[in-house]
Amino acid sequence: MLCYENVSVAYGNGVPALLDFSLEVTRGEIVALVGESGSGKTTAIRAVMGLLPGGGRVVRGDIRFEGRSILGMSMGEWRALRGGPISMIFQDSGSMLNPIRTIGSQFVEYIRAHESKPQKEAWERGRVMLERMGLPHSQTIMKSYPFQLSGGMRQRVGIAMSMVFQPRILLADEPTSALDVTTQSQIVSQMMALREEYNTSIVLVTHNLGMAAYMADRIFVMTQGRIVDAGDREQILKHPDTAYTCELLGAVPAMKGKRYV
Ligand SMILES: Nc1ncnc2c1ncn2[C@@H]1O[C@H](COP(=O)(O)OP(=O)(O)OP(=O)(O)O)[C@@H](O)[C@H]1O
Ligand SMILES: [Mg+2]
């Protein structure tokens with residue numbers, strides 16, 4: 001489905017932010033990337049979207065989606081993938097919203113840019129997605145401007161948009177770190193439901209090992225641009241290979257009031 005082959009990424013300063021990174025995500029699989037700040041997690045998923053900031057570029061290796069090299073694609077082909085079969089949730093997805101337009105008009109436009117649907121149908125589809133993200137007064141929210149919502153509400157609008165087309169792969173970069181625990185578990189449930197219903201594969205970047213333990217089939221531990229530990233959830237959690245993983249496991253918050261680690 002999504003395959004990284006010995007990928008290295010460098011930014012302007014030439015220091016590799018990702019080094020010889022290899023990972024294959026199969027259909028319907030959830031993999032988690034965990035590791036310290038600056039270890040290259042965001043770089044790894046942004047590389048798929050062609051959204052590396054600051055002159056970042058893939059200097060070695062290849063990334064394939066459903067067998068096709070993504071790196072060789074034209075801008076048009078790339079754009080067709082993004083927001084359709086491949087979707088991304090950013091840590092601050094909410095801040096991508098246009099401040100001077102209502103949520104509803106942006107959501108409707110987003111839906112209609114991908115599918116030719118009547119205005120009313122697109123509105124309803126957007127509204128229902130908001131409800132599923134735990135935003136009950138969805139009609140009011142659709143009519144609101146971003147500044148009238150809290151940061152957590154805006155983030156959920158962003159997440160709703162990223163999930164509306166049932167992507168084949170969802171790249172989620174710290175999707176819930178700005179949200180309270182109750183909302184976090186609601187979003188986690190929605191991501192799991194997306195996998196259940198549509199067999200969506202998910203690459204989850206998180207600092208929250210509890211969340212990784214709860215969601216992921218496989219966990220990849222990163223430090224300094226490299227994968228240092230990898231394996232099935234149980235293997236990583238119960239029999240970590242490296243001292244670094246043990247250290248990470250040291251402080252783990254609880255999910256839904258339960259410890260999964
Ligand atoms: N725009 C940029 N310009 C130059 N270097 C960058 C840029 N973005 C990231 N880097 C470098 O790439 C490396 C990996 O950063 P990245 O953002 O991928 O880490 P991360 O694992 O996502 O960290 P965090 O957990 O803090 O989000 C870091 O050393 C960082 O300094
Ligand atoms: Mg990051």
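The expected span of a helix is 1.5 Å times one less than its number of residues. Keep that rule in mind as we walk through this predicted model, beginning with helix H7.

H7 covers residues 181-198, and for its 18 residues the rule gives 26 Å; the C-alpha atoms at its ends are 26 Å apart, so expectation and model agree. At the N-terminal end, aspartate 180 acts as a cap, with a side-chain oxygen 3.1 Å from the backbone nitrogen of threonine 182. Just past the other end of the helix, asparagine 199 adopts a positive phi of about 60°. Many residues of H7 are worth clicking on: the buried ones include Thr183, Ile187, Val188, Met191, Leu194 and Arg195. What do the buried residues of H7 pack against? Their partners are strands E3 (30-35), E7 (169-173) and E8 (201-205), together with helices H4 (119-132), H6 and H8 (209-215).

Now turn to helix H1, residues 41-49. Here 7 of the 9 residues are buried, so the rest of the structure largely encloses this helix. Among the buried ones are Lys41, Ile45, Val48 and Met49. Glycine 50 follows H1 and has a positive phi, near 70°.

Our last stop is the largest pocket, with a volume of about 510 Å³. Its lining consists of 19 residues, and Met88, Phe90, Met96, Tyr110 and Met161 lie nearest the centre. By class, the lining has 9 nonpolar, 7 polar and 3 charged residues. Strand E6 (86-89), helix H3 (103-114) and helix H6 (151-163) each contribute at least two residues to this lining. Which element gives the most? That is H3, with 5 residues.

Methods:
Residues numbered from 1 in each chain as written. Chains lettered and ligands numbered in written order. Predicted model: local features only at pLDDT ≥ 70, side-chain atom pairs only at ≥ 80, totals over all residues. Heavy atoms only, no water. 1 Å grid on protein atoms, 1.4 Å probe; cavity = no way out; pocket = protein on both sides within 12 Å on 5 of 7 lines; lining within 4 Å. Points joined across faces, edges and corners; volume = space filled by probe spheres on them. Helix = DSSP H or I, 4+ residues; strand = E, 2+ residues; numbered from the N terminus. Nonpolar A, V, L, I, M, F, W, Y, C, P; charged D, E, K, R; others polar. Buried < 20%, exposed > 50% of the residue type's maximum accessible area, 1.4 Å probe, protein only. Contact = heavy atoms within 4.5 Å. Polar contact = N/O pair within 3.5 Å; in protein donor to acceptor, adjacent residues only side chain to side chain.
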